[in-house]
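User: I have a structure open and some questions about it. Can you walk me through it?
Analyst: Sure, here it is.

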Amino acid sequence: MQVSLGAASLRPWKIEDALALVEAANNRNVWITLRDRMPHPYTLADAEDYLQQRTRDSSGLALCIEVAGRAAGGIGLHPGEDVSRLTAELGFWLAEPFWHRGIITAAVRAVVPYGFKRFR
Ligand SMILES: CC(C)(COP(=O)(O)OP(=O)(O)OC[C@H]1O[C@@H](n2cnc3c(N)ncnc32)[C@H](O)[C@@H]1OP(=O)(O)O)[C@@H](O)C(=O)NCCC(=O)NCCS
């Protein structure tokens, strides 16, 4: 999935996003309201592990939010299991300098209909 949101765009993650990912994600204000699987501090090794994992794992959906030509956040759908198999959790985060510009609102509006089409 690749989509332009005006000020931002959604696209697959690339291995070359590692440095920008660390810069965006290594922030307590971003980490504090996310699930425990998000490391803090967020190191270059964490970014490289995550990006390698994304190239191997095609389940669900995990997209990079690009702002001004650089990776600046993520949005994804994580499928449930067992009795939750027909549900998915929508997760998202954005680098703090870009908060309150409506970027995540636009990203959610794009990902939700796509998720209903692509998954059961
Ligand atoms: C939450 C987050 C993704 C919002 O991104 P954003 O691009 O600034 O969001 P938008 O500009 O589209 O919308 C902002 C609006 O969302 C609402 N909002 C944001 N954070 C909120 C929160 N914690 N609780 C309730 N509403 C919230 C507010 O109404 C806000 O309006 P405002 O800009 O007038 O204050 C960003 O703050 C972030 O990355 N936070 C850390 C990670 C996180 O909490 N992710 C969500 C959990 S999965």
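User: Let's start in the middle. Is strand 3 enclosed or open to the outside, and why?
Analyst: Strand 3 covers residues 61-67, and six of its seven residues are buried, so the rest of the structure largely encloses it. Keep in mind that this is a predicted model.

User: Which way does strand 2 run against strand 3, and how many bridges join them?
Analyst: They run antiparallel, with five bridges between them. Strand 2 is residues 8-12. For one pairing to look at, take Leu10: its bridge partner in strand 3 is Ile65.

User: And strand 4, how does that pair with strand 3?
Analyst: Antiparallel again, over seven bridges. Strand 4 spans residues 70-79. Ala62 has Gly76 as its bridge partner there. For Cys64, the partner in strand 4 is Gly74.

User: What links strand 3 to strand 4?
Analyst: A hairpin, with two residues between the strands. Ala68 sits in the turn and has a positive phi of about 50°.

User: Zoom out to the sheet. What is the strand order?
Analyst: The order is 1-2-3-4-5. Five strands make up an open sheet, with antiparallel pairing.

User: Which strands stand at the edges?
Analyst: Strand 1, residues 3-4, and strand 5. Each has a single partner strand, so one side of each lacks a neighbour in the sheet.

User: How many helices and strands does the whole chain have?
Analyst: Four helices and five strands. Along the sequence, the pattern reads β-β-α-α-α-β-β-β-α.

User: How compact is the chain?
Analyst: The radius of gyration is 14 Å, close to the 14 Å that the globule rule gives for 120 residues, so the chain is as compact as a globular protein of that length. The C-alpha trace spans about 35 × 30 × 25 Å along its principal axes.

User: What share of the chain is buried?
Analyst: Buried residues are 25% of the 120.

User: And how much of the contact set is between residues 24 or more positions apart?
Analyst: Such pairs account for 53% of the contacts with a separation of 6 or more.

User: New topic: the core. Which residues touch the most other members of the largest nonpolar core?
Analyst: Ile65 and Ala72, out of 26 residues in that core. Several elements supply at least two residues each, among them helix 1 (18-25), helix 3 (44-56) and strand 2. Strand 3 gives the largest share, five residues.

User: Back to Ile65. What does Ile65 touch?
Analyst: Leaving out residues up to four places away in sequence, the list is Ala8, Leu10, Ala72, Gly73, Gly74, Ile75, Leu94, Ile103 and Ala107. Leu10 is also the strand 2 residue that bridges to Ile65.

User: Last thing, the ligand. Which residues come nearest?
Analyst: Thr33, Trp99, His100, Ile104 and Thr105, out of the 14 residues around the ligand.

User: Which element gives the most to that shell?
Analyst: Strand 5, with four residues. Strand 5 (88-94) and helix 4 (103-118) each supply at least two.

User: What is the make-up of the shell by class?
Analyst: Eight nonpolar residues, five polar and one charged.

How values were computed. Residues numbered from 1 in each chain as written. Predicted model: local features only at pLDDT ≥ 70, side-chain atom pairs only at ≥ 80, totals over all residues. Buried ≥ 20, exposed ≤ 12 C-beta atoms within 10 Å, placed from the backbone. Pairing = 2+ DSSP bridges. Rg over C-alpha atoms; globule rule 2.2 N^0.38 Å. Contact = placed C-beta atoms within 7 Å. Near = placed C-beta within 6 Å. Nonpolar A, V, L, I, M, F, W, Y, C, P; charged D, E, K, R; others polar. Core = buried A, V, L, I, M, F, W, Y, C linked by C-beta atoms within 7 Å.
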